[in-house]
Structure formats: structure tokens, C-alpha cells
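User: I'd like a close look at the nonpolar interior of this one. Take me through how it is put together, then work outward to whatever borders it.

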Amino acid sequence: MRQIYPPSAAEPEVAIAQPGQTGQAARSAIARLGELYAYPTGPTGPTGPTGPTGPSGAGGAQSWVRANMIASVDGASTLNGLSGGMSGPADRLVFSVLRSLADVILVGAGTARAEKYRPVRASEIWPQLRDGRAPTPPIAVVTTKLGLDLDSPLLAGAPPDARTIVLTTEQCPDERRAAAAASADVAVVSADRVTPDTMIGALAERGYRRILVEGGPSLLGQITAAGLLNELCLTLSPVLEGGGAGRILTAPHEGSAGPPAGLSLAHVLQDSGLLLCRYLAASQPSE
């Protein structure tokens, strides 16, 4: 894997490694990727678009919201209904690094069901990027009525130090809420709709401020429309899907797309035709 933008005279090549590898090449690769994808920090924690903004947690620290998505060259977000078919070793490596750096992984209920989400395993994470935190980041699922399998590994199989977080509403039946709370952290954050402000605020209150959004398009669309997306990591796969697959982002309501959200390119890595791009919201300070 090679950094092609901005040109790097120092260590442009990054080895492909897998969690669990401990050799020098793997250590160097993770150190380099940890630098490239490090969350910005400041006196009060991660910063927002032009300084500290957005929902804050204890002590006034602010949240930084990063999304990680993949798309084909012709803009499809899935191949045969799933995103994994467009991936490759470099994308999977960056995926593991982004998860290792995050405090929490945020997904919509539809994505959790379609992709069969489960808790993150320690064997999938780079411990040197965890900064003394729990070995794995928890998954946080956004669901209005808790339309999830309560016996699924995602809800019933999470470790005690990274229990799955369910962000839901008062529309969720009490009995389902109580059943889920036996193994998950259930947070009722609004009366009828989990908004970006309420979901990010609820995570910040729990100390989770480095937030990784993994989908789906509806959730990413809501966060972007609310002006709360700080960063997008987008892998472009050398595939022409040519079907009816959706895009990585959809407007939260018909006709509500508003003006395009501007982005600035921070870096690009290339491997076997995959382009791994990191963008900042246009109002972010350049790095």
C-alpha cells in the first residue's frame, strides 16, 4: 500500500498487516496508519469543524464524528446487497485501524441487520492504538422501536467492558427495552426519533467522543445534514456495479438534501486499484 497524496518522501510504503501480527513490518505499518488516521486532539479533546463544536461530554470535551464507507467506481455502496464484496486487504487493514482508534462504532439498525453485526473481538483490534481504553470499542445501534433480534450476538454476546449501546426512543415497547437491558446499555434519547444531536450527545455523556460511523446511508445522511460530520474515510473500489445499489449517503427526507457538503482531501493511499481517501469537512483546518 502506497501513499500517493500528498506525496510522502518519508515512508510512502505501508505494509499490509493483520491484527495479531507482531513483526517489525506490522509494527511500522500500524504506527504509520495510526499517525495518518489519528483523531485530532486539543485541550478539551477532539475538536469540531472550526474548534470545539457539537455535543459535549463530561468536562466539556467535544465529539469528532468520522464515517468509514466503501463505494464502487460508479458510486454503488454495496455489491450483491453487501459492502464487503468490494473490499480488499488494504481496505480491511484500514478498517481495523479505524475501529482500533475509535471510542465507539455507530450504526443504524438496518445496517446492523443486513451486515449481521456482532461485537468487535479483541483479535480484530490493534491494542497499541487503544490508549489504555477497553480492549475493544462497543457498537452503538440507532433504532426507533428496537427492531433487532434480542438474542443476536450483537446484543447478547458483547463483553462486559464493551456492552452494545442501544439508542432508542419512547416508542420502543417497555418489555423489549427491559429485555435488551439485560445484556446491553439501553438509552432512551427522545420521544419519537433519534436525531444526530441526541445520538452523539448520548455517546458523549458516556465518554465516547471519537465516534466511527459505519452506516448505513440513511444514518450518514442525517449526520451530514445536521452538520455534524467531521471526516469521511472513503474507499473507492475498482468495480463497476452497474445495478440498482444505493449510494453511501441518502438525504434524511425527500427534497431535504440542501446544499452539497463540501470536503477537502487530506490523504490518499493506493493498493491493487483501491483508493483509500480521507476527507475533512471543508471547514476543517488543513493538516
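Analyst: Here is the interior, followed by the surface and a few backbone details.

Some ground rules before we dig in. This is a predicted model, so local features need pLDDT of at least 70 and side-chain atom pairs count only at pLDDT 80 or more, while totals for chains, interfaces and linings use all residues. Numbering runs from 1 along each chain as its sequence is written, and side-chain values use heavy atoms, leaving out hydrogens and water.

For the overall frame, there are seven helices and ten strands. These are DSSP runs numbered from the N terminus, with helices being H or I of at least four residues and strands being E of at least two. Of the 287 residues, 48% are buried; that label means under 20% relative accessible area, with exposed over 50% and partly exposed in between, using a 1.4 Å probe and protein chains only. Contacts (heavy atoms within 4.5 Å) lean toward long range: among those with a separation of 6 or more, 71% pair residues 24 or more positions apart.

Now the core itself. By nonpolar core I mean a set of buried Ala, Val, Leu, Ile, Met, Phe, Trp, Tyr and Cys residues joined through side-chain atoms within 4.5 Å. The largest one holds 45 residues, and Leu33 and Tyr37 have the most contacts inside it. At least two residues apiece come from α1 (24-36), α2 (89-101), β3 (104-108), α3 (109-114), β4 (139-142), α4 (153-156) and β10 (274-281). With six residues, α2 gives the largest share. As a general backdrop, nonpolar side chains in soluble globular proteins tend to be buried together.

Tyr37 is a good place to park your view. Setting aside residues up to four places away in sequence, Tyr37 touches Val94, Leu98, Leu101, Leu269, Leu276 and Cys233, along with Arg66, His267 and Arg278. There is also a second, separate core of 26 residues, with Ala140, Val194, Ala202 and Ile248 among them.

Next, swing over to Met86, in the loop between β2 (64-72) and α2. Met86 counts as buried because its relative accessibility is just 1%. Beyond its neighbours within four places in sequence, Met86 is in contact with Ile70, Ala71, Ser72, Ala76, Ser77, Thr78 and Leu79, plus Ser237 and Leu274. There's a long sequence jump here too: Met86 and Leu236 are 150 residues apart in the chain, yet their C-alpha atoms are 8.7 Å apart. Ser237 belongs to strand β8 (residues 231-237) and is buried as well, at 2% relative accessibility. With neighbours within four places again left out, Ser237 is in contact with Met86, Leu274, Ile70, Ala71, Ser72 and Val73.

On the cysteines, a disulfide is a pair of cysteine sulfur atoms within 2.5 Å, and the count comes to zero. Cys277 shows why: its closest cysteine sulfur, in Cys233, is 9.6 Å away, too far for a bond. Cys277 is buried at 6% relative accessible area, and Cys172 is buried at 2%.

Moving outward, accessible areas come from the Shrake-Rupley method with a 1.4 Å probe, and for residues only the protein chains shown count as cover. The total is about 12800 Å², with 54% belonging to carbon and sulfur atoms. A nonpolar surface patch made up of Ile4, Tyr5, Leu265 and Leu275 has about 320 Å² of accessible area together. Patch members have over 30% relative accessible area and no salt bridge; like charges are joined within 9 Å, and nonpolar side chains (Val, Leu, Ile, Met, Phe, Trp, Tyr) within 5 Å. A salt bridge, in turn, is a side-chain nitrogen of Lys or Arg within 4 Å of a carboxyl oxygen of Asp or Glu. Leu265 sits in strand β9 (residues 263-271) and is partly exposed at 35% relative accessible area.

The patch also takes us to a backbone quirk: Tyr5 is joined to Pro6 by a cis peptide bond, with omega about -15°. Pro6 is in the loop between β1 (2-5) and α1. Another cis bond runs from Gly215 to Gly216, omega near 5°, with Gly216 in the loop between β7 (210-215) and α7 (217-225).

Last stop, the loop between α3 and β4, home to Lys116 and Asp131. Lys116 is not a glycine, yet has a positive phi of about 55°; Asp131 likewise is a non-glycine with a positive phi of about 55°. Lys116 is exposed at 69% relative accessibility, and Asp131 is exposed at 54%.
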